[in-house]
Amino acid sequence: MIRIGIVGAGAAAAAAAHTLANASIEVDSTVLEKSRGLCGRAATRRREDAIYEYGANYLKSDDERVVELVTDTLETEGLVEISDPVWTFDADGTVTEGDDRDDHKWTYRQGLTQVAKRLFARTDATVHRETRAETVIRGGGGDDETWQLEDADGKRWGPFDAVLLNPPAPQTAELVRSADWESPVREPLADAAEAVPYRTIWTGVFHYPFELERPYYALVNADKDHDVGWVSREECKPGHVPDGESLLIVQASPEWSADRYDEPPAANLERLADMTARLLGDDRLREPDWTDHQGWRYALPDDGVATEPLDRAEREGLYCLGDWVAGEGRLHAALCNGLEVGARVTGE
Ligand SMILES: Cc1cc2nc3c(=O)[nH]c(=O)nc-3n(C[C@H](O)[C@H](O)[C@H](O)COP(=O)(O)OP(=O)(O)OC[C@H]3O[C@@H](n4cnc5c(N)ncnc54)[C@H](O)[C@@H]3O)c2cc1C
């Protein structure tokens, strides 16, 4: 049997845990997740009768293994497609019909977090929520070949034969930098993770007690020159918003988000609602009946990572996984990377 410690319960970790659970050798996986939920940045909330995604908007069918995973391996009950298209707008707010007809845009009636929930449910992994890993320890307990994890309360977990690190690159860098691990690999690995640039996104959520008639699901800013980067209508996702209501997800541009990240949320929401009202040409959108928001400091990796330090760390039993390792800030890329890393851990 091999013992695996996993930091983070994002999509990549869930895919890795699923692969490990299906390996021919017996695997005992322990997951430490700092938040209360599963699936990390593919995040779903419920409020009143609405369900909405305020991180990743949907899962794309860009990779065959992921298509097989969601349409074949996992139960498809509740898997729904967003059939309305994504259109574009430019710096002046001019809206143009887009062309994404060949893409599938998937989510679940109960929300995108179902991806990780369904994957973990098919494993025997124990997931400890609200447990933040603070330190990675090589050896300890007298065996130099094993790993331990220490959480924020000073509790030690392990020993593990391998440890998988799923947090975004800057948080992984911190964990590696502070690791109790005497190895020439530690600093190059921390440096490589730290060097991955990230885009910040501030998300506003706006609910209205009326329907909004539009021919598109979402608008994306194509020239990257508008303070709004993305507006989408959660009511286009089956099961998300009760009839007769609308719920808009508005993601500010990375520049606007970084500039105003620490501003009072109420002021940011007011500005975003105003820009959205202008973009969609509807004054009523300035007055939502309720709002929500989320700042994502490390929303999307903007470049890949140097792979050599990651390969060297793997040879010692320390694996990094996630969208930043895949080199693409997309849910399907994170899932794929998790499948690959899971297979490498057991050598299958
Ligand atoms: C605003 C926004 C919009 C997006 N839109 C899309 C989209 O439309 N389509 C798309 O495909 N992708 C989109 N993405 C990207 C997508 O969400 C990510 O690529 C994907 O979810 C990354 O998964 P992951 O497993 O790599 O990491 P994460 O989801 O970040 O998972 C990492 C996990 O580690 C946990 N963690 C961190 N530090 C610790 C610690 N010290 N101890 C324990 N746990 C820890 C975190 O809480 C988290 O659960 C979007 C992301 C954002 C933020």
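# A guided reading of a predicted model

Asp92, Asp223, Asp225, Asp227, Glu255, Asp259 and Glu263 form a patch of negative charge on the surface of this predicted model.

Visitor: In which loop does aspartate 225 of that patch lie, and is the residue buried or exposed?
Guide: Aspartate 225 belongs to the patch of negative charge. Its place is the loop between strand E16 (218-221) and strand E17 (228-233). Because its relative accessibility is 55%, and exposed means over 50%, aspartate 225 counts as exposed.

Visitor: Which residue in the hairpin of E16 and E17 takes a positive phi?
Guide: The hairpin has 6 residues between its strands. In the loop between E16 and E17 lies a residue that has a relative accessible area of 61% and is therefore exposed. Its phi is about 55°, although it is not a glycine. The residue is lysine 224.

Visitor: How do E16 and E17 run relative to each other, and which residue of E17 is the bridge partner of valine 220?
Guide: The two strands are joined by 3 bridges and run antiparallel. For valine 220, the bridge partner in E17 is tryptophan 230.

Visitor: What is the order of the strands in the open sheet, and which strands stand at the edges?
Guide: The open sheet is formed by 7 strands in the order E8-E7-E16-E17-E18-E15-E19, with mixed pairing. Each edge strand has a single partner strand, so one side of each is left without a neighbour in the sheet. The edge strands are E8 (95-96) and E19 (290-301).

Visitor: Is the pairing of strand E7 with E16 parallel or antiparallel, and which residue of E16 stands opposite tryptophan 87?
Guide: Strand E7 (residues 86-89) is joined to E16 by 4 bridges, and the two run parallel. Opposite tryptophan 87, in E16, stands leucine 219.

Visitor: How many bridges pair strand E15 with E19, and which residue of E19 is opposite glycine 204?
Guide: Strand E15 (residues 198-208) pairs with E19 in the antiparallel sense, over 9 bridges. Within E19, the residue opposite glycine 204 is histidine 293.

Visitor: Why is strand E11 described as largely enclosed by the rest of the structure?
Guide: Strand E11 covers residues 133-138. A residue is buried when its relative accessible area is under 20%. The strand is largely enclosed because the number of its 6 residues that are buried is 5.

Visitor: With which strand does E11 pair, and what is the bridge partner of arginine 138?
Guide: The pairing of E11 is with strand E12 (residues 147-151), in the antiparallel sense and over 5 bridges. In E12, the partner of arginine 138 is tryptophan 147.

Visitor: What is the phi of glutamate 130, and is the residue buried or exposed?
Guide: Glutamate 130 is placed in the loop between strand E10 (126-128) and E11. Its phi is near 50°, a positive value in a residue other than glycine. Since its relative accessibility is 56%, glutamate 130 counts as exposed.

Visitor: Is the peptide bond from glycine 158 to proline 159 cis or trans?
Guide: Proline 159 is found in strand E13 (residues 156-160). The bond that joins glycine 158 to proline 159 has omega near 0°, and is cis.

Visitor: How many residues apart are arginine 41 and aspartate 323, whose side chains meet in a salt bridge?
Guide: The structure holds 22 salt bridges, and one of them joins arginine 41 and aspartate 323 at 2.9 Å, N to O. Arginine 41 is in the loop between strand E2 (27-32) and strand E3 (44-47), whereas aspartate 323 is in helix H9 (residues 323-326). The pair thus links distant parts of the chain, 282 residues apart.

Visitor: Is aspartate 323 buried or exposed?
Guide: Its salt-bridge partner, arginine 41, has a relative accessible area of 23% and is partly exposed. Aspartate 323 has a relative accessibility of 6%, so it counts as buried.

Visitor: Which residues are linked with Arg177 and Glu187 in a network of salt bridges?
Guide: Glutamate 187 and arginine 177 form a salt bridge, with the closest N and O atoms 2.6 Å apart. Glutamate 187 lies in helix H5 (residues 186-194) and arginine 177 in helix H4 (residues 169-177). The network links these two with Arg186, Asp191 and Glu194.

Methods: Residues are numbered from 1 along each chain as its sequence is written. This is a predicted model: local features need pLDDT of at least 70, side-chain atom pairs count only at pLDDT 80 or more; totals for chains, interfaces and linings use all residues. Side-chain values use heavy atoms; hydrogens and water are left out. Patches are made of residues with over 30% relative accessible area and no salt bridge: like charges are joined within 9 Å, nonpolar side chains (Val, Leu, Ile, Met, Phe, Trp, Tyr) within 5 Å. Accessible areas come from the Shrake-Rupley method with a 1.4 Å probe; for residues, only the protein chains shown count as cover. A salt bridge is a side-chain nitrogen of Lys or Arg within 4 Å of a carboxyl oxygen of Asp or Glu. Lys and Arg count as positive and Asp and Glu as negative; His and the chain ends are not counted. The place of a charge is taken as NZ of Lys, CZ of Arg, CG of Asp or CD of Glu. Buried means under 20% relative accessible area, exposed over 50%, partly exposed in between (1.4 Å probe, protein chains only). Two strands pair if DSSP finds at least two bridges between them.
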